[in-house]
Amino acid sequence: YQRRVHGDCHPMTTPRSKPRHDERPAAKRARRAAATSEKPAKAPLPFARSVVADGEEPPCSFEHGGNLFSWLIHPITPEIFFRDYWEKKPLLIKRQQSNYYSTVFTSLDLNSALENHDVQYTVNLDITNYVNGKRVTLNPVGRALASRVWDSYQSGCSVRLLNPHQYCDSVSRLAGYLQEYFGNMVGANVYLTPPAAQGFAPHYDDVEVFMLQTEGAKHWRIYEPFPGEELPRTSSKNFD
């Protein structure tokens, strides 16, 4: 899709795919299917947190990735997504199910990562704020202890976990299968921001972004891309 300038990024995981201007295998397959069929989407099975049980054969990565992607964008079908939205325009999906993505990551997972792993400020986690048109990073030095991170959150700062797949199996599996499906690198960040706060300046990225609201609510502002920068190869500066 045409990457839009957006204002803030909050509680979600974001599988991110580096842009490439040739059509990926999944897109080619979806476009061919879209030419012959647009059947209503069946409700896919929810994404399960558990790993494959001992002794079970893991599913085909590409096939399972396709199933997970169908779940990710349900009720939109992959055929319609690739035909009408991919690198063309943003897609907003609303559901009457606030816990739809809760199996991916929650604030409890964040707390578990902080308590059980050596999460380091700057390397693995950022504390940020955006006040009076300026974004600032407020990282101390050393390990991000749970008590200090939650104190920062309570004081109005955003928390960004840069590599949640290292601490949460469900994020690792989701990103891994999507990587097989898209034939491209996929990563994830997690953002948590207190109410009535903003952690990042308006900007655009040089990657395709899927934003999953796993908890709470967030107001977004999305702007039209600048002329000639519809599919930028580098991320933007922070805008006012």
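Two strands pair if DSSP finds at least two bridges between them. Helices (H or I, at least four residues) and strands (E, at least two) are themselves DSSP runs, numbered from the N terminus. With that in hand, strand 4 (residues 125–131) and strand 6 pair in the antiparallel sense over four bridges.

A quick word on what you're looking at. This is a predicted model, where local features need pLDDT of at least 70, side-chain atom pairs count only at pLDDT 80 or more, and totals for chains, interfaces and linings use all residues. Residues are numbered from 1 along each chain as its sequence is written, and side-chain values use heavy atoms, with hydrogens and water left out.

**The strands**

Here are the pairings, each with one of its facing residue pairs.

| Strands | Bridges | Facing residues |
|---|---|---|
| Strand 4 and strand 6 | four bridges, antiparallel | Thr128 and Ser158 |
| Strand 4 and strand 5 (residues 134–137) | four bridges, antiparallel | Tyr130 and Arg135 |
| Strand 6 and strand 8 (residues 190–192) | three bridges, antiparallel | Leu161 and Val190 |

Leu161 has a partner in strand 4 too: Leu125 bridges to it. Strand 4 and strand 5 form a hairpin with two residues between the strands, and there Asn132 takes a positive phi near 55°.

How enclosed is strand 4? Six of its seven residues are buried (under 20% relative accessible area, 1.4 Å probe, protein chains only; exposed is over 50%, partly exposed in between), so strand 4 is largely enclosed by the rest of the structure. In a regular strand the side chains alternate between the two faces of the sheet. Strand 6 (residues 158–161) is covered on both faces, with Ser158 and Arg160 buried on one side and Val159 and Leu161 buried on the other.

**Helices**

Helix 4 (residues 107–116) packs on helix 5 (residues 146–154) at about 140°, their axes 9 Å apart. Axes are lines fitted to C-alpha atoms over the stretch in contact, and angles run from 0 to 180 degrees between N-to-C directions. That makes helix 4 oblique to helix 5 (under 35 degrees is roughly parallel, over 145 roughly antiparallel, 65 to 115 roughly perpendicular, the rest oblique). Among the residues in contact (heavy atoms within 4.5 Å) are Leu110 and Leu114 of helix 4 and Trp150 of helix 5.

Ser70 sits in helix 2 (residues 61–73) and is partly exposed, at 24% relative accessibility.

**Confidence**

The chain averages a pLDDT (the predictor's confidence in each residue, from 0 to 100) of 80, and 75% of the residues score at least 70. Over residues 1–22, pLDDT stays under 50. Where pLDDT is low, the predicted coordinates should not be read in detail.
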